[in-house]
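Could you walk me through this protein model, from its overall build down to a few individual side chains? I would like a guided tour in plain paragraphs.

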Amino acid sequence: MPDLTSLFVAAGLTEQKANETLKNKQVSASFAEAIELAKHTCEVDKSVGNLLYQISTRLKHKHHLPTIVSYVASKKLKTDIQLNCALDYLKNNPSMPLDESKFSEASGVGVEVSPAQIEDVIEKLVEANKAELLEQRYKFNTGKILMNARKLLKFADGRIVKSELDMQILDLLGPKSEADLEPASKPKVPYLSYYVWGNSYTLTTNSFSEFLNIKMLLLYAFYLLNNIGSYIEFSTSYIALMEEHLKITGGQVRTRFPPEPNGILHIGHAKAINFNFGYAKANDGVCFLRYDDTNPEKEEEKFFKGILDMVNWLGYTPYKVTHASDYFQELFDLAVVLIKKDLAYICHQKYEELKGINPPPSPWRNRPIPESLALFEDMRKGKLDEGSTTLRMKHVMEDGKQDPVAYRIKFTPHHRTGDKWCIYPTYDFTHCLCDSIEQISHSLCTKEFQARRSSYFWLCNSVDIYCPVQWEYGRLNLQYTVVSKRKIQKLIDAGIVRDWDDPRLFTLTALRRRGFPPEALNDFCAKVGVTGNLCILEPSMLEACVRTTLNNTAPRVMAVLYPLKVTITNFPNEAGSLDIKVPDFPADESKGNHVTNLTKSIFIERSDYMEIADKSYKRFASDQSVGLRHAGLVLTLERAEKSSKGDVVELFVTCKSVEDSPKPKAFIHWVSATSCLECEVRVYSRLFKHKNPEDTSVVPGGFVTDCNSDSLSVNTAARVECSVKKAKVFDKFQFERLGYFCIDPDTTDNTMVFNRTIPLKEDAGKN
């Protein structure tokens, strides 16, 4: 087998795409196998390689790989459209042997759409829209003609269809006139409601949020027209249910944030919170916080409180706080409806048998309805053993998973319902039904839930209730971290981090403890935006948002991390101290100031003194004076006192006013040696050494072995000016010339503890 990167590049991938593919072992193995299989029949060029790559990422049942690759290699499947149809057929017909005649028919094998056929269809469609074309000329939206052409010419090359349409329009209208070239006017756009049938709620606006709604409406309408057969069979009462929903909500945008209360929220959840709450807020809608509390074994009260705390911290207030357990009775009743329609059955296959994408078919799939109803009631009453029985739905999910579980037995008391229930619904059963019960309009979720979209629509329509719309967006991940609950718990158990809020983690509680302001996280999420692609970013982008926010909000104070004592032998005040006014924000002194004490003895940073200065050194040295920030004084060395080991322990200096001295090369920060506070300062760096600590090809020993043992340094000798004495936990400051710092919850009446949030500037040397 040749080098996989070279193999993938030869098949048409860019080198970057090839390297990204190699990170997914399953996809890369499948792609490599597909290429080798195809080579027996044809040369794998870019056009063939593109189709093979789609197969390796989308084919759910790998036993079909040789067949579909042979169809591509022999040029029976030549276009994306044909391949899409072929993959859809295999998803819905996973069993072997494959009926190749039906497969070929469904995939358009051998179907050749002639130029004459394309010309004839386009001619008829242009004629049908002739009046509008003549009236609107080149401002006519040709999209609807192309959409109808796609239905009539399913396997035609889209580029040829578009070219033929352009030619016929040119023949009808002639060349573009000056009026045709003028930009179209932008009248106010009517808001048609996000449901195609909701014509009772009309308003006009040109706001950006309204544009998003119109865009989502159009995408949804296009989706319905093109996918209604493959995803949804609408019930006869669907439109009536939709109209009832609109009456209840008044056309209001309703979203929800549905976390599982079995862990602490992380940076990816910040994006979800911003999207769900932010989208509702931008459209005068509401957002529910709904706890998906269907797994009582792993749920703890601290997680419920922590989730709400973080939502509030980010600046959002839920319209209502609800729980999936609020609807346990309704969910049970809907499960009974599903059984009565012969769309669910009681199964006795064990968990081990059901694992994976392609478990063996259930021998109980065709169980009589009355028998399933009786057994489901036995499950509810606790008559059957845990793990012995499940309720499964008769449905194939988009990822090929067959008959997902709807209910399982768990003899674990629930934190809210006690021991009333011993059966609990799964996410696949609960999620869409709770959305429907709460009249959610936009079910926003991350891309991995796309595989559940078909079951979402199928289940709502199968039990004949209002069906919301699910929209997927790409997750947000950061490099140099892990966010999995299980993996964070492993770090805690190993003593590598202290708890879920350890500032080296990227949980929201950890980021708050480190001093990241919620405004910075919201700004970061806004800059990342919402797309369908997985977003993997370096932490530096988040850190840049933090710096921008703290630069405008964190007042300046002076602190010394590694103190060196300095005694001013000619201190200008006989009392031995001066009050110095320090601006909280030097760039805008109107924001206020505070007073700090300058005394005869002060501390400066040990790194701000060098016995003999080199050419690049601009601070204090035996032959180089230095200024004191805000004090208006310039210091000159008299002598340095050293320890028996030769270390400098104290400097004796004289001072002059800035006006009476040559301008020094630098001004350094300081604190009074007699009126400062001792404090503890914790400085954090990256917890992991590699960008992706979970990549075993880079970190073969696993993420725990990738931890940086120097990711935390604790300094108990630091000093800070007394102006911070009354500050509260999580208050933030800029320590001048050092960075941004936040007061840690470990602070006591005797000792203040500061966490360094971030340096003043990004470290150009870090990797």
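The tour below goes from the whole chain to its helices, rings, cavities and a few single residues.

Let us begin with the overall picture, keeping in mind that this is a predicted model. The chain contains 25 helices and 31 strands. Taken along the principal axes, its C-alpha atoms fill a box of roughly 100 × 80 × 65 Å. Of the 767 residues, 49% count as buried. If you look at contacts between residues at least 6 apart in sequence, 69% of them join residues at least 24 apart.

A good place to zoom in is helix H5, which spans residues 65-73. Its buried residues are Leu65, Ile68, Val69, Tyr71, Val72 and Ala73. What do the buried residues of H5 pack against? Their partners are four helices: H3 (25-39), H4 (46-58), H6 (80-92) and H7 (100-107). After H5 comes Lys75, and here the backbone has a positive phi, near 65 degrees.

Next, turn to the aromatic rings, which form 21 pairs in this model. One of them joins Phe275 and Tyr279 in an edge-to-face arrangement, with 6.3 Å from centre to centre and 70 degrees between the planes. Both residues belong to helix H15 (residues 267-282), where they sit four residues apart, about one turn of the helix. The general geometry helps here: an α-helix has 3.6 residues a turn, so residues three or four places apart point the same way. Phe275 and Tyr279 are also both buried.

A second edge-to-face pair is made by Phe376 and Tyr407, at 5.4 Å centre to centre and with 75 degrees between the planes. Phe376 comes from helix H19 (residues 369-380) and Tyr407 from strand S8 (residues 405-409), so this pair ties together parts that are 31 residues apart in sequence. Phe376 and Tyr407 are both buried too. They also take part in a wider group: ring pairs link Phe328, Phe332, Phe376, Tyr407, Trp421, Tyr424 and Phe429 into a cluster.

Now for the empty space inside. Rolling a probe the size of a water molecule over the atoms shows where such space is left. The structure holds three cavities of 30 Å³ or more, and the largest has a volume of about 60 Å³. Which residues line the largest cavity? The list reads Tyr427, Asp428, His431, Cys432, Phe449, Arg452, Ser455, Tyr456 and Gln470. By class, this lining has four nonpolar, three polar and two charged residues. Helix H20 (427-437) and helix H21 (453-462) each supply at least two residues of the lining, and H20 gives the most, with four.

Stay with helix H20 for a moment, since Ser436 lies there as well. Is Ser436 buried or exposed? Its relative accessibility is 4%, and because burial is set at under 20%, Ser436 counts as buried. The side chain of Ser436 reaches the backbone oxygen of Tyr466 at 2.6 Å. Setting aside residues up to four places away in sequence, Ser436 touches Cys460, Ile465, Tyr466 and Pro468.

For contrast in setting, move to Leu343, in the loop between helix H17 (328-340) and strand S6 (344-347). With a relative accessibility of 22%, Leu343 counts as partly exposed. Leaving aside neighbours within four places in sequence, Leu343 is in contact with Leu338, Arg392, Met393, Lys394, Trp458 and Ser462. Glu398 is 55 residues from Leu343 along the chain, and the C-alpha atoms of the two are separated by 17 Å.

The last stop is His323, in strand S5 (residues 321-323). At 12% relative accessibility, His323 counts as buried. Which residues does His323 touch, not counting those up to four places away in sequence? They are Arg290, Tyr291, Asp293, Phe304, His415 and Arg416.

How values were computed: Residues are numbered from 1 along each chain as its sequence is written. Side-chain values use heavy atoms; hydrogens and water are left out. On a 1 Å grid over the protein atoms alone, a cavity is a set of points where a 1.4 Å probe fits but cannot get out, and a pocket is an open set with protein on both sides within 12 Å along at least five of seven lines; lining residues have an atom within 4 Å of a point. Grid points are joined across faces, edges and corners, and a volume is the space filled by probe spheres set on the points. Ala, Val, Leu, Ile, Met, Phe, Trp, Tyr, Cys and Pro count as nonpolar, Asp, Glu, Lys and Arg as charged, and the others, Gly among them, as polar. Buried means under 20% relative accessible area, exposed over 50%, partly exposed in between (1.4 Å probe, protein chains only). A polar contact is a pair of N or O atoms within 3.5 Å; within protein, one must be able to donate a hydrogen and the other to accept it, and residues adjacent in sequence count only if both atoms are side-chain atoms. Contact means heavy atoms within 4.5 Å. Rings of Phe, Tyr and Trp (its six-membered ring) pair if their centres lie within 6.5 Å; planes under 30 degrees apart count as stacked, over 60 as edge-to-face and the rest as tilted.
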